[in-house]
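Thank you all for making time for this. I would like to walk you through one structure, and I will ask a few questions along the way, so please keep the picture open while I talk.

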Amino acid sequence: MWFDKLNIPGRKKPLKIYHRIVFFFILALTAVLTLSFLMVFFFSQQLILNESKATMIRFNNYVINTLDENMPALLSLPADQRLEFISEKLYPYVKDNSLIAYQLKDNQGNIYQSSEILTDLLVAENLDKYNFHLFEFSFNDDNDQTITVNSLRYNQIEYYYLGSYYVLEDGDIIYLQIIKNLNDSYVFMTTLFILMIAISILGLIAIILIGIYGTKQTLKPLIEISETAKNITENNLNVRIEETGNKDELDQLIMSLNQMIKKLESAFNNQKRFVSDASHELRIPLTVIQGYIDILSDWGKNDPQLRDESIEAIRDEIQGMNKMVEDLLLITRIENNYFDEDFIILDISTLLEKIFYQCQMIDPDHQYIMESCDHAFVRGNEGLLIQAIRGLLDNSRKYTPTGGTITLSCRVHSKTTNEIIVSDTGCGIPAAELDKIKERFYRISSDRSRATGGSGLGLSIIDSIVSIHRGKLIITSEINQGTKVTILLKKQ
């Protein structure tokens, strides 16, 4: 920012965003106030000066009307008494306008002055240098007479000057010269200028203080965001930034940051859980492997049968560990939305039919039935959904006796969801265990797990797959009656 290039004494670092906003606010406000001040003062000045000109023109018209109204009386008087008569008629007007002075002259040399200053002002040398005529008229399109008001300066004082004449019925001419002192106008403008400067300064100070307070209040969420970010560590990801409630851009930023912190917390928790689960579950096979190695070391060197059995057992344990690590990595990838970009529109009925025919081919020991297979469109990852359905079928196959029935169906569940159902006639699951079987490495019984070769991760993987599809996994079961698993997925 160009603010950072300012050579401010004592400043070594770039301006903070708070200072930038306040500084820019002050500059912008100062510019607006200065422009407003100049415009108001200019128009006020023009208004005042135009009013002074209008006052002089009104006085000139008043003199002309006075002459018209008193024409018979003027004609009855001698020439040397006419100007005095007119001045008496003008006195009521002049006494209320002390800054207006006038001079009356006629073509016979008679002069009347309302003020002594006119003797110094109304001299040819003084007026000639301003390049205007003593008596100046112009006529518009309607042949109406217009009068020009000129300005002059004498002894550092500004005056307005107006000159005109009037022809009496007997041919005599009366010349009228009017002078108005602009001192009152300039005093008023000076007072107005000082008053506007004072108001502008006070207004600027008040608005700056309000701006500083408002900026602090506006940026308060950003300060809280900064403080929260400082407190976020690997072991402290449960903090959240409080929303302002204004539903503005800052609230959107806060919501985005809270979502990011939530994702970070989830990622760290998944990582910790992965390490914890892996270390816990790998301890047993590693102990078994270590045991067989000790046996080989002590007695297996000269016993081929014992050696072959130990090697085969170690190979089985290693394969089991590999499978378990792969399952854990798959769960972690699913929970971290690794597969989100591969979501497409899928028809579940097509996938179910494909899996159904495959199961009939590879498992002749069970009877497979397709109850219904309606078109059900969802948005998801094809590979993961196939893996989830196959996982459910694999569980049913393991825990259903030979000759038992496994049923598949796909149909519309409601206006917003579709459902996939896999049910069997197997041994069932105890009711007390239903809430726990989705947990990682949870086994209903060790004997059952050993018989089927399970690691306790199958349903956990399926539940994670359903969760990233924003679906729900529902399991119901009765002992010796069978198990029913329902997957509810949102419609596309």
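In this model, which is a predicted one, five strands, written as 5 in my notes, form an open sheet with mixed pairing, and their order runs E9-E11-E12-E14-E13. Which strands stand at the edges of that sheet? They are strand E9 (367-373) and strand E13 (472-478), and because each has a single partner strand, one side of each is left without a neighbour in the sheet. If you compare the directions of neighbouring strands here, ignoring which way they point, they are turned by 10° against each other on average.

For those who are new to this, strands of a sheet pair through backbone hydrogen bonds, either parallel or antiparallel. In the case of E13 and strand E14 (residues 482-490), the pairing is antiparallel and extends over 7 bridges, and if you look for a landmark within E14, you can find Val485, which stands opposite Ile475.

Now let us turn to the helices that lie across this sheet. Helix H9 (residues 348-362) lies across E9, strand E11 (405-412), strand E12 (417-424) and E14, and its direction makes an angle of about 165° with E9. Helix H10 lies across E9, E11, E12 and E14 as well, and it runs at about 25° to E12.

H10, which covers residues 382-399, also brings us to the charged side chains, since both Asp394 and Arg397 lie in it, 3 residues apart, or about one turn of the helix. These two form a salt bridge whose closest N and O atoms are 2.8 Å apart. Are they buried or exposed, or something in between? Asp394 is partly exposed at 24% relative accessibility, and Arg397 is partly exposed with a value of 24%.

How many salt bridges are there by this rule? The count comes to 9, and another of them joins Asp170 to Arg82, with the closest N and O atoms 2.7 Å apart. This pair links distant parts of the chain, for Asp170 sits in the loop between strand E6 (157-167) and strand E7 (173-181), while Arg82 belongs to helix H3 (residues 79-95), 88 residues away. Arg82 is buried, with a relative accessible area of 7%, whereas Asp170 is partly exposed at 39%. A further salt bridge connects Lys180 with Asp184 at 3.8 Å between the closest N and O atoms; here Lys180 counts as buried at 6% relative accessibility, and Asp184 is partly exposed at 35%.

Finally, I would like to look at the aromatic rings. A pair of aromatic rings is described by the distance of the centres and the angle of the planes. Over the whole structure, a search finds 10 such aromatic pairs. Why is the pair of Phe59 and Tyr102 called tilted? The ring centres are 5.6 Å apart and the planes stand at 50°, so the pair is tilted, an angle that falls between the cut-offs of 30 degrees for stacked and 60 for edge-to-face. Phe59 lies in helix H1 (residues 17-69) and Tyr102 in strand E1 (residues 100-106), so to speak of distant parts of the chain is fair, with their positions 43 residues apart.Phe59 is buried, with a relative accessible area of 0%, and Tyr102 counts as buried at 2%. Ring pairs link both of them with Tyr62, Tyr93 and Tyr112 into a cluster.

Notes:
Residues numbered from 1 in each chain as written. Predicted model: local features only at pLDDT ≥ 70, side-chain atom pairs only at ≥ 80, totals over all residues. Heavy atoms only, no water. Salt bridge = Lys/Arg side-chain N within 4 Å of Asp/Glu carboxyl O. Helix = DSSP H or I, 4+ residues; strand = E, 2+ residues; numbered from the N terminus. Buried < 20%, exposed > 50% of the residue type's maximum accessible area, 1.4 Å probe, protein only. Pairing = 2+ DSSP bridges. Axes fitted to C-alpha atoms, helices over the stretch in contact; angles between N-to-C directions. Contact = heavy atoms within 4.5 Å. Phe/Tyr/Trp six-rings, centres within 6.5 Å; stacked < 30°, edge-to-face > 60°.
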